[in-house]
Amino acid sequence: MNFRLKSSKPAQPLAKQGRLDLSGWDFSKNGAIRLDGEWEFYWNQLLTPEDFNDANKKTPDGYIKVPSEWKGRIGTTLLADKGAATYRLKVNLGSSMSALGIQTTIIRMSNRIFIDGNELLSSGNPALSKKDGYVMANTSYSTSFYPNSREVEIIVQVANFDYMKGGIVQSIYLGNQKDIYSMSVRSSFLISFTVVGLFITGLYYFFLFLMRQANRSALYYSLYCFTFSLFRLQYGEKILFQMFENLSNEYVIYIRFYFAQIYLTTIFLCLFVKEIAKEVMPRWFSRTVVALFSGFALIFLIFPISISSKIQNMTFLFMILIYVVIILTLIKALVKKRYENLERSDLIQLSIAFICVLLTVINSVFYVNNVIRSNLIGFVTVMIFIVITSSLISRQHEKAFQTIDNMNLRLLELDKLKDEFLTNTSHELKTPLNGIINLTQSVINQGEGQLEPSQEEDLKLVIAAGRRLSALINDILDISCLKQGEVTLLKKPIDVRSLASVIIHVMEHLKEKEEIRFINSIPEHLPLANADEARLQQIYYNLLGNALKFTQKGSIEVGGQQQNGMLALWVKDTGCGIPHDKLDDLFQPFYQVDPLKKENQGAGLGLSITKQLIELHGGNISVDSIPEKGTKVTFTLPVCKDDVMAANPPVENLPPAYLEPVGRQPQSYKEKKGSYSILIAEDDPISLRALLGILAFEDYSIKTVYDGEEALEEIKKSPCYDLAILDVMMPKLTGYQVLEQIRTRFTGIELPVILLTAKARAEDIKMGFEAGANDYIAKPFEAEELKSRVRTLVQMRKMVQSLVSTEFSFLKAQIKPHFLYNALSVITSLSTREPEKAKELLLHLSDYLRGSFHFENHNGSISLSAELQTVESYLAIEKARFKDRLKVEYEIEDDVSVSIPILSLQPLVENAVRHGIMSRIEGGTVKISVKKSRNKLLLTVEDDGVGMSEEKIVSLLQSEETKGVGIKNIHKRMVLMYGEGLHIESREGKGTKITMAVPLNTE
């Protein structure tokens, strides 16, 4: 892409007989200039600047026009297609002596450039023959130089033993360093812009094809965009080679694929137009194009470049001819008004798009053959083609979707009419059917003892058939209501085990075979289901009824468990089973597994209704079956989010204060800051209000959550609560489950927990204490008892914290005597020889002691900058002591303001120095880094010391040693404060790396 020369400038001078006079050319005002004209030409010679000194005066074979291919004769010398030559030009710069730049374009097929005796640029390796080391590469490049004098000598060595013609086939540009750089950047930007646009467009339509694979026009268009974008990367400025310089070593392979890509773009475009205008383009045309250009691509991939390049221009002529045929065919269809699957406007736009393609190809051919100096037209026409074709394909997809939408609307209307007909018919049948059943039953009752047994049996069959038809009508009405969205669920907490027990009790009286046993395996402590009781009964009646129909002997079992936040419930029988190929259609309306067997068969609506009712609840249903072994139907229901509300009055009967969203403090409770923080996890609004009413006037900051999961999330977010009060019966996770997870992170001293329960049995109390509870309160609770128990636990935790803090501060004060002794010894020894150094170390020791005796802390934390200052002071003293044995590297990001646990980083550094580095005679390096990573700050202490084994790492973190501020102590405090401890990596003899992650919001 060449936007190379500034506008409004005088005519450029041309070189004559190897000299170019630029004394009248102002680079600053007129911009860069093409070094066109007559250059000295030396055939079959690769000359260097030394060959042109006064002692070795060379006479040129003649003068050759640049830019052009070498051909014909130069003077008396006949030029061959392949060979080597030297071009030479002297440029008179006049008074311009500023930094200049030079830009090449196409020099076939390898070159080297010397300016003022210095080699500045090269592409490939020009040589007199392939045996002499000739390497092909034709990459454009630019560079800058400072002229030695007012006359600049430019020597270009060129060699070609592969392509059909060689030479400087496009202009070389000379100008100010800034202009040449801008020209190169501008050209690269426009090519990159085109490539990115093509690639994104191709990606979009490729995914569009994946979603609707029937439309292959999107596939061919996306493949065209991909191949053409790759082609543009290798065209003109050859950006691909600028990004991957090693590709230049494989230039032969590159040029083969370069031409193959050109032909592939033609193939994909022809396939695209054949798909999008199916009835307009003849079939033979696309097949001919695919065969012809696949052959061209194979020729370039298989045969040597020296042979295949000779047909290059012929293939371009074929390409132009193909696009002309496409354009004429489209125009012919327009004239004859044969639009077929397209509209007239679509055909016009498609014609314009392929005219742009034709112009692009012609522009490229003229540009490569140096007929024109700019391929601006090609850039513009490609962008116009992309815009038009993208718009055309998008409209095609829009039309397809619009057609589908219209068909869907029509089908929905027909389906609605069908449902209305069934509903109206069912309503009309229901009343007379009930009359038939009741009248028949009345006849049986009135004629008791007077009817013949056969007559009574016939009347009972009439009643059975009537009831079966009545059930079918009810099912049809349910199906209709479900489809029209008229079924409203009255959800409430349901004890599934109890409900199943009631239904099983009824089914026990309906079964006719004593060999069948009903088993209720639903766990007693299964969370309540959030469901409509009547509809859940209907679901169980349908499933158990089906199981009973097809089970001759054995058992029918109902069971359930909590799974992924849902209740997974099942009905399992030992009946005849269902073939695997029938399972997918089992829930279709009116479907029967074996319609020829009428025994025990219904209308086939029960399972369809069951599936829709379950999905209406937010669950799903599946079937597993083994023929002759039995069937298991599993369905899911949401877990109730308010288990205890089943025993409470209806919402409309509650006082207004209780009608606030559960999971936050009632509006009447005003949050306040107290000396102690308490987390309350309670899903019952009445109990929650009672707790807040009792504790609100105490010195507590209270946070409430709705269920067990929210409680764990809150503790993870804010781990500094003094007390947690958990209700045993909560949605999602029970109080016992929450407590067990809390105890994996906190001990009973670190976070006391009180359990609330309506059950006060000895077994429940024992279970709570075994799970890790500190206390247990039964509902309803006395206010004074609750306050006393809460006060006792929070004060106990505070007292323990105070003792730990006192001991910790004492540990801080215990500066190791041997360290003080060694530090003072070093300072003393330096006081006479290097007093300034001794003074500096004394200041470091002062900073170290000040940081170590800093007792005022905020919840065991200290600013990172203060801790780093202590570390730096410690390392400065140790470095002065161990000299070259200890090396220190810092990698600390700026503007990092965060608090970290006190005495966490410095002991790690001291451990690395004492046990890692100084254990080696030659010493080593300690590296301290502080880096941000997402929402965390990573602090790393790394040494290349003796390292340690995996067993040693495990021992360090699990050691029972409690003295000092060791690694286990730091690890434990990190886990307590942030939920994540130290990460240690080490290899024996290689060193150790310890990383600690601190959240960036810990200020």
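Here are some questions and answers on how a few labels in this predicted model are earned.

Q: Why is F257 called partly exposed?
A: Its relative accessible area is 46%. Buried means under 20% and exposed means over 50%, so F257, at 46%, lands in between and gets the label partly exposed.

Q: What makes F257 eligible for a nonpolar patch?
A: Patch residues need over 30% relative accessible area. F257 has 46%, so that cut-off is passed. F257 sits in helix α5, and its partners in the patch are I253, L298, L301, I302, F303 and I307. Together these residues offer about 670 Å² of accessible area. Helix α6 gives the most, with three residues.

Q: How do you know that E714 and K717 form a salt bridge?
A: Look at the N to O distance, which is 3.7 Å. The cut-off is 4 Å, so the pair counts. They're three residues apart in helix α16, which means about one helical turn separates them.

Q: Are E714 and K717 buried or exposed, and why?
A: E714 has a relative accessible area of 8%, so with buried meaning under 20%, E714 is buried. K717 reaches 60%, and because exposed means over 50%, K717 is exposed.

Q: What makes R88 and E153 a salt bridge?
A: Their closest N and O atoms are 2.8 Å apart, and the rule asks for within 4 Å, so they qualify. R88 lies in strand β7 and E153 in strand β13, 65 residues apart, linking distant parts of the chain. Both R88 and E153 are buried.

Methods. Residues are numbered from 1 along each chain as its sequence is written. This is a predicted model: local features need pLDDT of at least 70, side-chain atom pairs count only at pLDDT 80 or more; totals for chains, interfaces and linings use all residues. Side-chain values use heavy atoms; hydrogens and water are left out. Patches are made of residues with over 30% relative accessible area and no salt bridge: like charges are joined within 9 Å, nonpolar side chains (Val, Leu, Ile, Met, Phe, Trp, Tyr) within 5 Å. Accessible areas come from the Shrake-Rupley method with a 1.4 Å probe; for residues, only the protein chains shown count as cover. A salt bridge is a side-chain nitrogen of Lys or Arg within 4 Å of a carboxyl oxygen of Asp or Glu. Helices (H or I, at least four residues) and strands (E, at least two) are DSSP runs, numbered from the N terminus. Buried means under 20% relative accessible area, exposed over 50%, partly exposed in between (1.4 Å probe, protein chains only).
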